[in-house]
Number of protein chains: 2
Amino acid sequence: MPVLYNSMISGNCYKVRLLAAHLGVELELREVSVTDRSDRPELLGALNPSLRVPTLVLDDGRPLGESGAILWYLGEGTRFVPADRYARAQVLQWMFFEQYEHEPAIAVARFLIAYSGLEREQYEKRLPRLHADGERALAAMERHLEGRAFFVGDEMTLADIALYAYTHCAEEGGFDLAPFPAVRSWLARVAAEPGHIPIP
Amino acid sequence: MPVLYNSMISGNCYKVRLLAAHLGVELELREVSVTDRSDRPELLGALNPSLRVPTLVLDDGRPLGESGAILWYLGEGTRFVPADRYARAQVLQWMFFEQYEHEPAIAVARFLIAYSGLEREQYEKRLPRLHADGERALAAMERHLEGRAFFVGDEMTLADIALYAYTHCAEEGGFDLAPFPAVRSWLARVAAEPGHIPIP
């Protein structure tokens, strides 16, 4: 059984668990702390150049880091990766958008406020910038989702899984989703898919 | 002919031009300013959710954003994307690593110092963090490249193209590559490939 170095509060890890649940792939979870990172070099040094979770280790011991790469590895050849070349590239476009424009704002604000254990005064100077960047990403998603059921084509793909993870818990990061009705409808649509599992 | 909304100083755009040169794909370049961004909504609003360059527009008008997605679109089915599923995922691992761990530090420091037009006092407080983050990414590359010719397998892939772009001009961002001999050998190897073109 593949091993997933995992954090139950990390949206990046949740993406992998959510896809695995949809695909019926069983994973052995090994929980890694996201606040005390002192054991990361020992734990992940030989497995992942960025020493981050998620890190997947296949049955034969081959490791893979980066949530987007793990999603692609598990998702290729399934209904979550389109057969059409342009549609596949669009899925990757939204996955790279998520890691560059969305996650560094929304996931970081959520972590600081809800999980870092820091006092508000230790991070509050960072929030205005994180909130402005995150709202710009949400507005781009809203424009794209108006009149669409999912990000690429008519079915759920890896793009939806990647973007769902931190969007659906953005309120923990101080974001208000009320101004984004198309995003809220899409979140409900993803959560209603058979096989869906929540983040704890 | 596909149109590339391009900046000649952007490493993200250079990745696309470099791959296109290797593949013999001709692109019509339309230069976009990376300092005055006021025309971005008009120019790219219907083409790219993040309003960034590179943005590729195919012959039939279909648009694609995110350098990683554009590389994948052009590279699939060529020698730059491996046939093996695990190797493909490794290529994506390094491409996501580049966009999350490497580019936000190394490209941003380079832009601030060499291209932003700002006075040093306007950004110098940001440099220590950018340099620490960038050096951590370079150290991870160095560890991986020791004893390897390229990032994945024995041939150049999209992973090398993605990481070459901002690594080879990291000195413009105040980074010293002397402590990273495996990285320097790899840079020379990429630049020696037949069909290579420089960033201007």
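User: What separates B:R136 and B:D133 in helix α6 of chain B?

Analyst: About one helical turn, because the two are three residues apart in that helix, which covers residues 127–145. A word of context: this is a predicted model.

User: Why is the contact between the side chains of B:R136 and B:D133 called a salt bridge?

Analyst: The cut-off is a side-chain nitrogen of Lys or Arg within 4 Å of a carboxyl oxygen of Asp or Glu. Here the N to O distance is 3.4 Å, so the pair qualifies.

User: And what makes B:R136 partly exposed?

Analyst: Its relative accessible area is 48%. Partly exposed covers the range between under 20% (buried) and over 50% (exposed), so B:R136 belongs there.

User: Let's turn to chain A. How far apart in helix α6 are A:R129 and A:D133?

Analyst: They are four residues apart, which again puts about one helical turn between them. Their side chains meet in a salt bridge, with 3.4 Å from N to O. The pair is also part of a network of salt bridges that links A:R129, A:D133 and A:R136.

User: What makes A:R129 exposed?

Analyst: Its relative accessible area is 54%. Exposed means over 50%, so A:R129 passes the cut-off.

User: Back in chain B, how do you know that B:R110 and B:E172 form a salt bridge?

Analyst: Their side chains come to 2.7 Å, N to O, and the limit is 4 Å, so this pair counts too. B:R110 lies in helix α4 (residues 85–115), while B:E172 is in the loop between α7 and α8, so the salt bridge ties together parts that are 62 residues apart in sequence. Over all chains, the structure holds 18 salt bridges.

User: Which of buried, partly exposed or exposed fits B:R110, and which fits B:E172?

Analyst: B:R110 has 5% relative accessibility; buried means under 20%, so B:R110 is buried. B:E172 has 33%, which falls between the two cut-offs, so B:E172 is partly exposed.

User: Why does B:E193 count as buried or exposed?

Analyst: B:E193 is buried, because its 19% relative accessible area is under 20%. B:E193 sits in the segment after α8 of chain B. Leaving aside residues up to four places away in sequence, B:E193 touches B:H22, B:R79, B:F150 and B:M156.

User: What relation do the rotation and shift that superpose chain B on chain A describe?

Analyst: The rotation is 180°, the shift along its axis is 0.0 Å and the RMSD is 0.0 Å. That is the relation of a two-fold axis. In chain B, B:Y100 has the C-alpha nearest the axis, 3.2 Å from it.

User: How do you know which surface the copies meet through?

Analyst: Of the interface residues of chain B, 100% are also interface residues in chain A, so the copies meet through the same surface.

User: Which strands are the edge strands of the sheet in chain B?

Analyst: The sheet is open and has four strands in the order β2-β1-β3-β4, with mixed pairing. The edge strands are β2 (28–31) and β4 (63–65), as each pairs on one side only. The average twist from one strand to the next is 20°.

User: How do you know that β3 and β4 of chain B pair?

Analyst: Pairing takes at least two bridges, and three join β3(B) (residues 55–57) to β4(B), so they pair; the two run antiparallel. B:L56 stands opposite B:L64 in β4(B). Helix α1 of chain B (residues 11–23) packs on the sheet, touching β1 and β2, and its direction makes about 150° with that of β1(B).

Terms used. Residues numbered from 1 in each chain as written. Chains lettered and ligands numbered in written order. Predicted model: local features only at pLDDT ≥ 70, side-chain atom pairs only at ≥ 80, totals over all residues. Heavy atoms only, no water. Buried < 20%, exposed > 50% of the residue type's maximum accessible area, 1.4 Å probe, protein only. Least-squares fit on C-alpha atoms with pLDDT ≥ 70 in both. Contact = heavy atoms within 4.5 Å. Axes fitted to C-alpha atoms, helices over the stretch in contact; angles between N-to-C directions.
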